[in-house]
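Trainee: I'd like a close look at a single part of this model, please: the charged side-chain pairs. Tell me where each partner sits and what else is worth knowing along the way.

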Amino acid sequence: MFGLEALDLARIQFAFTISFHILFPAITIGLASYLAVLEGLWLKTRNDTYRDLYHFWSKIFAVNFGMGVVSGLVMAYQFGTNWSRFSDFAGAVTGPLLTYEVLTAFFLEAGFLGVMLFGWNKVGRGLHFFSTVMVAVGTLISTFWILASNSWMQTPQGFEIVNGQVIPTDWLAIVFNPSFPYRLMHMATAAFVATAFFVGSSAAWHLLRGRDNPAIRTMLSMAMWMALIVAPIQAVIGDFHGLNTLKHQPAKIAAIEGHWENHGDEATPLILFGWPDMKEERTKFAVEIPYLGSLILTHSLDKQVPALKEFPPEDRPNSTIVFWSFRIMVGLGFLMIFTGLWSLWLRKRDSLYTSRPFLHLALWMGPSGLIAILAGWFTTEIGRQPWVVYGLMRTADASSNHSFMQMSITLVMFVVIYFALFGAGLGYMMRLVRKGPKISEGSETPDGGPGKKRTPARPLSAADDPAEGEHEDNTRLTKEI
């Protein structure tokens, strides 16, 4: 079917499940730190707005966290079911790294998550704030170990191969491999940026519908400050990450640039747009800027960037895909920077919360961070091909011996179940966003406090049944954000 083989379906299945999964940890990482900041600000200022926002976003965090855990379990099982040869080859490295993630991060998050979600009126303020901070720290520790494992697959070191298996010889070298610092910073920062635009989009939605209060304004203000500061930092980190990739994975950079061959001593141009053709070995309809490729990738005007034709055809990544996935990521990054700068200009003019063109942009930018993360992930993983462990094991040698029919059936099952299960979860999360934060009237504890009528602490009890006419608003929000 469509010229696909069992290996192709196994790769598609893994790409599909990880694309769903990566969205939830990204928001979890950002929201956990956001909640820690909100509670810290409330403890310092006693401004009820921060407390109201904390309780609002903690419900959304809980739903997102649960979906992240469920989708993450599937990823672990696939290593044994679909990629058993890879597990046999590199399991001595990847297995312990993923185990460290469970022991240090997941247990930490799970241990304090209950206090964070259900202990507001049951423990002291200091302990509750400590629990929130520990959950946030746990998400970052989880990121550390996951990125250590993935980065080792990109730039492996600290091992030897004995009887066809990778044997660790230096765990510090394995964890702190050459690409790890750049990938860790890039992913963590991406999570913060994606969360900022998710929060900002939620605030813009309410403002566009006339719901203007201190909590909504604070949401938008904090989100835009984050976008203004962090989006440019992410661009700088991306530049360092690109230089590191050029050093260790030059074929990936050549594929990203759609750069097929160098001519004499000429500097490498930057191809803005075009269509890399893997069969004809050229980029059609190329729109080039002379010298700019060398300037960006080597920080000089005379050095050349390695070209795809310098590598054997069987060692070349699919330039057609990574060329465009990279440009989607970068294009969205520039749009994020523009949004942050526009917000600063409007803030100085005292019209940040009333400029409808800007609010519409902020609304539509809601999923931009997540889309950029997916595009960047595709660039990273497809750009590593044909290797599953770069330079050591090819993807074709890593898969289990499954038939085309088996992979077809399981892929269809994954698609149906994922869209049903996580579609319902995302719909519920959008329902919570649509309700917005409840504004307390200066009470020391939200919603009346202990012994009085209040919203249940259980996240799945947080949203009331929609009143007549609200279903249409919910559908519209789900489409817009």
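Mentor: Let's fix burial before we start: buried is under 20% relative accessible area, exposed is over 50%, and partly exposed is in between (1.4 Å probe, protein chains only). The model is predicted, with local features needing pLDDT of at least 70 and side-chain atom pairs 80 or more, while totals for chains, interfaces and linings use all residues. Numbering runs from 1 along each chain as its sequence is written, and side-chain values use heavy atoms, without hydrogens or water.

Now to your pairs. A salt bridge here is a Lys or Arg side-chain nitrogen within 4 Å of an Asp or Glu carboxyl oxygen. That rule gives a count of ten salt bridges.

Start with R394, which bridges to D315 with the closest N and O atoms 2.6 Å apart. R394 belongs to strand β6, residues 393-394, whereas D315 sits in the loop between α9 and α10, so this bridge ties together parts that are 79 residues apart in sequence. (Helices are DSSP runs of H or I, at least four residues, and strands are runs of E, at least two, numbered from the N terminus.) How exposed is R394? Its relative accessibility is 26%, so R394 counts as partly exposed. Elsewhere, salt bridges with shared partners link D277, E280, R282 and K284 into one network.

Next comes E281, whose side chain meets that of R316 in a salt bridge at 2.8 Å, N to O. E281 lies in the loop between β3 (270-277) and β4 (282-289), while R316 is in the loop between α9 (292-298) and α10 (319-348), so here the parts tied together are 35 residues apart in sequence. Look at the burial of the two partners. E281, at 26% relative accessibility, counts as partly exposed. R316, by contrast, is buried, with a relative accessible area of 12%.

The pair to load next in your viewer is R51 and D52. Their side chains form a salt bridge at 4.0 Å, N to O. Buried or exposed, where do R51 and D52 fall? Both are buried.

Further along the sequence, have a look at W57. Leaving aside residues up to four places away in sequence, W57 touches L31, Y34, L35, F198, V199, S202 and M219 (contact: heavy atoms within 4.5 Å). W57 is also one of the residues, with I60, F61 and M219, that touch the most other members of the largest nonpolar core, a set of 94 residues. Helix α1 (residues 6-45) supplies the largest share of this core, 19 residues. There is also a second, separate core of 13 residues, with A227, A231, I337 and M365 among them. (A core joins buried Ala, Val, Leu, Ile, Met, Phe, Trp, Tyr and Cys through side-chain atoms within 4.5 Å.)

Finally, zoom out to the whole chain. Its secondary structure comes to 14 helices and six strands. Along the principal axes, the C-alpha trace spans about 75 × 50 × 45 Å. Of the 481 residues, 52% count as buried. Take the contacts between residues at least 6 apart in sequence: 79% of them join residues at least 24 apart. Keep that in mind when you go back to R394 and D315, whose bridge ties together parts 79 residues apart in sequence.
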